[in-house]
Protein chains: 2
Amino acid sequence: MEKQKKIAIIGLGYVGLPLAIAFSEFYQVCGFDVNSTRISELNNSIDSNGDIIVSINDKLDFTSDEKKLASSNIFIVTVPTPVTPNNIPDLSILEIATRMIAKYISKGDIVIYESTVYPGVTEEICVPILEEDSGLKYNFDFYCGYSPERISPGADKYLLENVVKVTSGSTLEVADDIDKMYQKIIKAGTYKAPSIKVAEAAKVVENTQRDINIALMNELSMMFDKMNIDTSEVLEAAKTKWNFLDFKPGLVGGHCIGVDPYYLLHKSEEMGYKPTLLHSSRSINNKIASFIVEKTK
Amino acid sequence: MEKQKKIAIIGLGYVGLPLAIAFSEFYQVCGFDVNSTRISELNNSIDSNGDIIVSINDKLDFTSDEKKLASSNIFIVTVPTPVTPNNIPDLSILEIATRMIAKYISKGDIVIYESTVYPGVTEEICVPILEEDSGLKYNFDFYCGYSPERISPGADKYLLENVVKVTSGSTLEVADDIDKMYQKIIKAGTYKAPSIKVAEAAKVVENTQRDINIALMNELSMMFDKMNIDTSEVLEAAKTKWNFLDFKPGLVGGHCIGVDPYYLLHKSEEMGYKPTLLHSSRSINNKIASFIVEKTK
């Protein structure tokens, strides 16, 4: 791990793009995306998501040509992890990205995942793919890490560098190495989790907590509607207590809040625990849209 | 309402006692409790709950003789509102206290409830009792108010005077009057809610929110147990995010958190909305004790 780091970022969406730009201040970075339109836009300093100022520099290369990954030794995966129409985790893009990386990793390389997953995905799903397709051995030839993205799209106050970043690695040494790498770009500092699984779990827990708190507000608004009580008046009064949490009823926002709990839910049921609270909050937040429409009529 | 206020506090538990002491700085106060042992202890400056310094003064009279209520014109009810073994709101003590007050109210008097109730209890249950037993007419002869207690027993930082108090009254004038009365004793200030129902709802919402957040932590700990993940490690990592709410798994504490949600739940179902989130958080927090016992074995 003494050799100079060359970083490849796989997936240049709202997570990968700011990461590629930030790392290019310290390392040679190859930003890869399968979407060639996105690549030509980025090469013209255009972010069609509208969030990021794309400053081209000679340490940053945007490409849709996967062969250019060959010269990298750190691979950071920032691809979408959505759910199927039945709300089952859809890991297909993550698996495709992992198969692609497997073609280009060599001895000593590190693969870090930032995509939101359920606990176990990195080591139980991605690592076997990497081993099989590369012929290399995990924690002997190559290593892994997990550092959950905490981007809030559109929230200027909470840009990449301003939010503490959780890091983790597959050995103590690799965990240290990954943590130091992220320390360079995160002004708010990093938090080195004790294991990859813990880092994976932390991320889904964050968004699940938010989902449940919004679900409570939505349940209250459906309940108070039946009682002819104005929910906003109740919340105004309740929040005068020092420890009341100021959530509002409404649609759950962002790319993640409405999706991530399904990841945790899926793994939990696989392991034999049916999470009733997660189920009911998802179900409430899914039906609130039609409740709002109906009330607006 | 120009006459001098004489306040009776009905129920001298952890809510009524500090209230009686605080009001006695400004008004003649009669502190009533059916428990005569409690009264003789208080008359000897002993609070067997251990929390309160009982400073006897000549404006404060502790009694278990209900006839002494006759000279009061403000009645504040701070009696327990528990649930039955089947978790149905048990309003019997509140109703008994209300029947007793009805014997002593006269024209111009105000009855204020501080006991936790579901929205509607004051006006749909207590007011009819007061009218029937006294022969007086609501909002013509006598008035009501609701000001939810926010005492955290044992938390020195959040004593009565340090926590904003929600007030409400059955007419605009009475609401003002009640609010001004509480302003005298609450350093943190008051919040005048637009109606009694809203003030009632605010209180149960506060504790329901806390119950649900603890239920999530408990659900996570049962879930991560199946996944062989240390929940405390996950929460340590998650709380490095700026908006993560620092709750812990465990038993729900206090006299209220485990009880108040049943009040909201009951009223909601009566009105035709079955609150799945409230149900599942209650059920999780009820079974966590046996989970902890089992894990400790």
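Two strands are taken to pair if DSSP finds at least two bridges between them. In the predicted model described here, this criterion applies to the parallel strands of chain A, where Gly31(A) stands opposite Phe62(A) in β3(A). Strand β2 (residues 28-32) of chain A and strand β3 (residues 60-63) of chain A are joined by four bridges and run parallel. Gly31(A) also faces Ile9(A), which stands opposite this glycine of β2(A). The pairing of β1 (residues 6-10) of chain A with β2(A) is likewise in the parallel sense and extends over five bridges. Between β1(A) and β2(A) the chain passes through helix α1 (residues 16-23) of chain A, and the resulting β-α-β crossover is right-handed. Strand β2(A) is mostly covered, with four of its five residues buried.

In chain B, six strands form an open sheet with parallel pairing, in the order β3-β2-β1-β4-β5-β6. Strands β3 (60-63) and β6 (143-146) of chain B occupy the edges; each has a single partner strand, so one side of each is left without a neighbour in the sheet. On average, neighbouring strands of this sheet are turned by 20° against each other, direction ignored. Within the sheet, β4 (residues 74-77) of chain B pairs with β5 (residues 110-113) of chain B in the parallel sense, over four bridges. Val77(B) has Tyr113(B) as its bridge partner in β5(B). Helix α3 (residues 92-102) of chain B packs on the sheet, where it touches β1 (6-10), β4 and β5 of chain B. The direction of α3(B) makes about 170° with that of β4(B).

Two residues other than glycine have a positive phi and lie in loops. Ser45(A), which is not a glycine, has a positive phi of about 60°. Its place is in the loop between α2 (36-43) and β3 of chain A. With 11 other C-beta atoms within 10 Å, Ser45(A) is exposed, because a residue counts as exposed when 12 or fewer such atoms are present. Asn139(B) has a positive phi near 60° and is a residue other than glycine. Asn139(B) is found in the loop between α4 (121-134) and β6 of chain B. With 13 other C-beta atoms within 10 Å, Asn139(B) is partly exposed.

The relation between the chains was examined by superposition. Chain A can be laid on chain B with an RMSD of 0.0 Å by a turn of 180° and a shift of 0.0 Å along the axis. The two copies are thus related as by a two-fold rotation axis. In chain A, the C-alpha nearest this axis belongs to Leu277(A) and lies 3.1 Å from it.

At the interface, 50 residues of chain A are in contact with 50 residues of chain B. Helices α6 (196-226), α7 (231-238), α8 (260-270) and α9 (276-296) of chain A each supply at least two residues of the side of chain A that touches chain B. The largest share of that side, 17 residues, comes from α6(A). By residue class, the side of chain A that touches chain B divides into 34 nonpolar, eight polar and eight charged residues. Of the interface residues of chain A, 100% are also interface residues in chain B, so the copies meet through the same surface.

Terms used:
Residues numbered from 1 in each chain as written. Chains lettered and ligands numbered in written order. Predicted model: local features only at pLDDT ≥ 70, side-chain atom pairs only at ≥ 80, totals over all residues. Axes fitted to C-alpha atoms, helices over the stretch in contact; angles between N-to-C directions. Contact = placed C-beta atoms within 7 Å. Nonpolar A, V, L, I, M, F, W, Y, C, P; charged D, E, K, R; others polar. Buried ≥ 20, exposed ≤ 12 C-beta atoms within 10 Å, placed from the backbone. Right-handed = clockwise from strand over helix to strand, strands pointing away. Least-squares fit on C-alpha atoms with pLDDT ≥ 70 in both.
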